[in-house]
Amino acid sequence: MKTMSLTHRAVLKASGGRLLASFGPIPVVELHTIGRSTGKRRTTMLTAPIHDRNRFVLIASKGGSDRNPQWYLNLVAHPDIELTVHGTTKKLRARTADAAEKATLWPQIVAAYKGYEGYQQKTSRDIPVVVCEPR
């Protein structure tokens, strides 16, 4: 996965954000966080199944793993993040959707990519939904 992510990021950068910029109708984004232990900038390739000009929703699914992904733990510790979308970097603040908000968003998330439902069924962990909005 790490090699695939690095390759994907390299293709996006070399093409100015034009090639491999989406997964079907869902945009691919580069999430930039600060490591909670190291304090170093970390970059992860993700998709944003719900998005508009000012809001991006990320899913901390980790393929249905029983543990949250590292990028999620980093943004919980340091919620001021950056997202690069189509070659443009935006300064955003990330927060975990509460239960009511997640209940509203989840049907839209699954409609965008049915795999998320399978990931949730695969784990007993409540998969976090992350809402990223302008700082």
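This note goes point by point through a predicted model of a protein chain.

1. Overall make-up. The protein chain has 135 residues, and 42% of them are buried. Its secondary structure amounts to four helices and eight strands. Along the sequence these elements come in the order α-β-β-β-β-β-α-β-β-α-α-β. Of the contacts between residues at least 6 apart in sequence, 62% join residues at least 24 apart.

2. Helix α3, geometry. This helix covers residues 99-112, which is 14 residues. From first C-alpha to last it reaches 20 Å, close to the 20 Å expected at 1.5 Å a residue. The helix nevertheless bends, by about 35 degrees at L105, and a proline, P107, follows within four residues. At the start of α3, a side-chain oxygen of D98 comes to within 3.2 Å of the backbone nitrogen of A100.

3. Helix α3, packing. The buried residues of this helix are K102, L105, W106, I109 and V110. L105 is thus both a buried residue and the site of the bend. The cover over the buried residues of α3 includes two strands from earlier in the sequence, β4 (50-51) and β5 (56-59), together with α4 (115-122) and β8 (129-134).

4. A lysine over a tryptophan. Two of the buried residues of α3, K102 and W106, also face each other through their side chains. The charged end of K102 sits over the ring of W106, 5.0 Å from the centre of that ring.

5. The tyrosine cluster. Four aromatic pairs turn up in a search of the whole structure. One of them joins Y113 and Y116, with 5.2 Å from centre to centre and 85 degrees between the planes, an edge-to-face arrangement. Y113 also pairs with Y119; here the centres are 6.3 Å apart and the planes stand at 55 degrees, so this pair is tilted. Ring pairs thereby link Y113, Y116 and Y119 into a cluster. Y116 is buried, at a relative accessible area of 7%. Y113 is partly exposed at 27%, and Y119 is partly exposed at 23%.

6. N74 in helix α2. N74 belongs to α2, residues 70-77. Its relative accessible area is 7%, which is under the 20% cut-off, so N74 counts as buried. A polar atom of the N74 side chain lies 3.0 Å from the backbone nitrogen of R36. Apart from residues up to four places away in sequence, N74 touches T33, I34, G35, R36 and R42. R36 therefore appears both in the contact list and as the backbone partner of the N74 side chain.

7. R125 in a loop. What surrounds R125? This arginine lies in the loop between α4 and β8, and at 9% relative accessibility it counts as buried. Leaving aside neighbours within four places in sequence, R125 is in contact with A60, S61, K62, S65, D66, R67, N68, P69 and Q120. For one of these, N68, the C-alpha atoms are 8.3 Å apart in space, although R125 and N68 are separated by 57 residues in sequence.

8. Two residues with positive phi. K62, one of the contacts of R125, has phi near 50 degrees, a positive value in a residue other than glycine. K62 is placed in the loop between β5 and α2 and is partly exposed, with a relative accessible area of 38%. H86 likewise has a positive phi near 50 degrees and is not a glycine. The place of H86 is the loop between β6 (80-85) and β7 (88-96).

9. K90 in strand β7. K90 is found in β7 and is partly exposed, with a relative accessible area of 27%. Not counting residues up to four places away in sequence, K90 touches R53, F56, I81, E82 and L83. From K90 to R135 the C-alpha distance is 9.4 Å, with their positions 45 residues apart in sequence.

How values were computed
Residues numbered from 1 in each chain as written. Predicted model: local features only at pLDDT ≥ 70, side-chain atom pairs only at ≥ 80, totals over all residues. Heavy atoms only, no water. Buried < 20%, exposed > 50% of the residue type's maximum accessible area, 1.4 Å probe, protein only. Polar contact = N/O pair within 3.5 Å; in protein donor to acceptor, adjacent residues only side chain to side chain. Contact = heavy atoms within 4.5 Å. Expected span 1.5 Å × (residues − 1). Bend = angle between axes of the 7 residues up to and from the residue. Phe/Tyr/Trp six-rings, centres within 6.5 Å; stacked < 30°, edge-to-face > 60°. Lys NZ or Arg CZ within 6 Å of the ring centre and 35° of its normal.
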